[in-house]
Amino acid sequence: MAIEFDTIAAISTPPGEGGIGIVRISGDEALDIADRVYQLGKKTLKNQKTHTIHYGHIVNPKTEEQIDEVMVTIMKAPKTYTREDIVEINTHGGVLAVNQVLQTVLHNGARLAEPGEFTKRAFLNGRIDLSQAEAVMDVIRAKTDKAMHMAVTQLDGNLSRLIRNLRQEILNTLAQVEVNIDYPEYDDVEEMTSQLLVEKAKQVKEQVKELLETASQGKILREGLATAIIGRPNVGKSSLLNVLIKEEKAIVTEIAGTTRDVVEEYVSVKGVPLRLIDTAGIRETEDIVERIGVERSRKALAEADLILLVFNQNEPLTEEDKLLIQATDEHHRIIILNKMDLENHLDLEELKKLVNPESIIPTSIVTQDGLNDLEAKIADLFFSGKTGERDATYVSNIRHIALLNEAVDAFDDVIEGIETGMPVDLVQIDMTRAWDLLGEITGDSVQDELITQLFSQFCLGK
Ligand code: GDP
Ligand code: ZN
């Protein structure tokens, strides 16, 4: 049963994009309101079958003025996104028409939806849980396929399932503890109960920690692996950049910087999103090191998750090359031995002593040789051999990460409590706290205020 709500409406397509737009209406009165503004002879939408599409016009019922030619989708509860009746009006006439249709709908009984309110209803009506709702938000923001896939997996409820299992284990243990306390028939019951609590706390804590280890990957999936292409002038940095961008159909975002235009470019390499940093620098001055000096470039490199260090194997290693090797020693690094189509003048044995030989990838941008190897290397580095394991559960949401960390603390309190001989009923409180914290991830124990705050982060119309 859906909880009673008023009927809400909003534009659910992104602002300003494309020629069509969708006005979404959800609630008990969705069909009545739609019928007030919809016109096609004597047809009424309310009598139509659910999940059908209807051609017609949106008309202002007071002035009889025709606003737009539309396709209207009707979806009756409960098999809808919000579990309420939903009407979606597909308009054709561009931004202005979409807005007019929305205004007309609002004048005829609907209330403008708050950001995220459709998804909030889906949650409140029990259609999705909180981590799924947050995944919707991530889908909206996802920048690359991989990030999208991760969000969608979460939407399927992977994380929720895992968390629910962990909570069930804790609950079983707590129940067992309860039984032991109520029936202290044996002398060693206190001892047994403590043992049980500590073992379960350790075991579940390990699983939570494993989940947390995926968090940094999750963050990178969403924000892109900060990648710097560096090397002496003329080794082929710009060429490499262009190849990556062309081959991989880069998503280019221009961010108007405060002092100058910073261009950030996203490329997806075998599903790994790279955020190429300081590419504007590479393009403008051809050389980040020359431009800002080794000391300062070191600082710029500090924010990089991955360094692509390019050498020209047509020339011997120089002092500058060696400085760059030193400066990037602590980083995840791939050594690109470029211009393989030209004669070899670089002492490979010398280079192998300075860097991990496994990290060296010979390439030629002219003949395209080695570019596949480079991409495979990037993917390998990122997934540490786990490429292709696409259905692993990742944690990427900051709120989830915080809750998991707090749960780890609670488990530590349980373990420490038992080890320092605290009474079992006090330790039980910490175990229950862990159970609560995990429940906040799925929304199984969550306060109203938190829900409101979360859903207000959504885009309007979702
Ligand atoms: P950057 O200064 O490091 O950005 O180097 P560029 O990408 O501007 O390349 C410098 C020159 O090297 C250009 O003329 C490129 O066409 C050339 N170049 C880049 N990669 C290769 C390669 O693999 N083989 C050959 N023969 N020339 C290359
Ligand atoms: Zn260049």
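This report describes the nonpolar cores, one buried strand and one helix of a predicted model.

**Nonpolar cores**

The largest nonpolar core comprises 35 residues, and Ala9, Val23, Ile25, Ala34, Val87, Val101 and Val105 have the most contacts inside it. Two or more residues are contributed to this core by each of the elements listed below.

| Element | Residues |
|---|---|
| β1 | 8–11 |
| β2 | 21–26 |
| α1 | 30–37 |
| β5 | 66–75 |
| β6 | 86–91 |
| α2 | 94–107 |
| α3 | 117–124 |
| α4 | 130–141 |

Apart from this core lies another, of 28 residues, which includes Leu244, Val267, Ala304 and Ile336. In soluble globular proteins, nonpolar side chains tend to be buried together.

When neighbours within four places in sequence are set aside, the contacts of Ala9 are Val23, Arg24, Ile25, Leu102, Val105, Leu106, Ala110, Leu112 and Ala113.

**Strand β11**

In strand β11 (residues 272–276), 5 of the 5 residues are buried, so the strand is largely enclosed by the rest of the structure. Val272, Leu274 and Leu276 point one way from β11, whereas Pro273 and Arg275 point the other way. In a regular strand the side chains alternate between the two faces of the sheet. Strand β8 (residues 225–230) runs parallel to β11 and is joined to it by 3 bridges; Ala226 stands opposite Arg275 of β11.

**Helix α15**

Helix α15 (residues 424–442) contains 19 residues and spans 28 Å from its first C-alpha to its last, close to the 27 Å expected at 1.5 Å a residue. Its buried residues are Val427, Asp430, Met431, Ala434, Trp435, Leu437, Leu438, Glu440, Ile441 and Thr442. Gly443, which follows α15, has a positive phi, near 85 degrees.

Conventions
Residues are numbered from 1 along each chain as its sequence is written. Chains are lettered from A and ligands numbered from 1 in the order in which they are written. This is a predicted model: local features need pLDDT of at least 70, side-chain atom pairs count only at pLDDT 80 or more; totals for chains, interfaces and linings use all residues. A nonpolar core is a set of buried Ala, Val, Leu, Ile, Met, Phe, Trp, Tyr and Cys residues joined through C-beta atoms within 7 Å. A residue is buried if 20 or more other C-beta atoms lie within 10 Å of its own, exposed if 12 or fewer, and partly exposed in between; C-beta atoms are placed from the backbone. Helices (H or I, at least four residues) and strands (E, at least two) are DSSP runs, numbered from the N terminus. Two residues are in contact if their C-beta atoms, placed from the backbone, lie within 7 Å. Two strands pair if DSSP finds at least two bridges between them. The expected span of a helix is 1.5 Å times one less than its number of residues.
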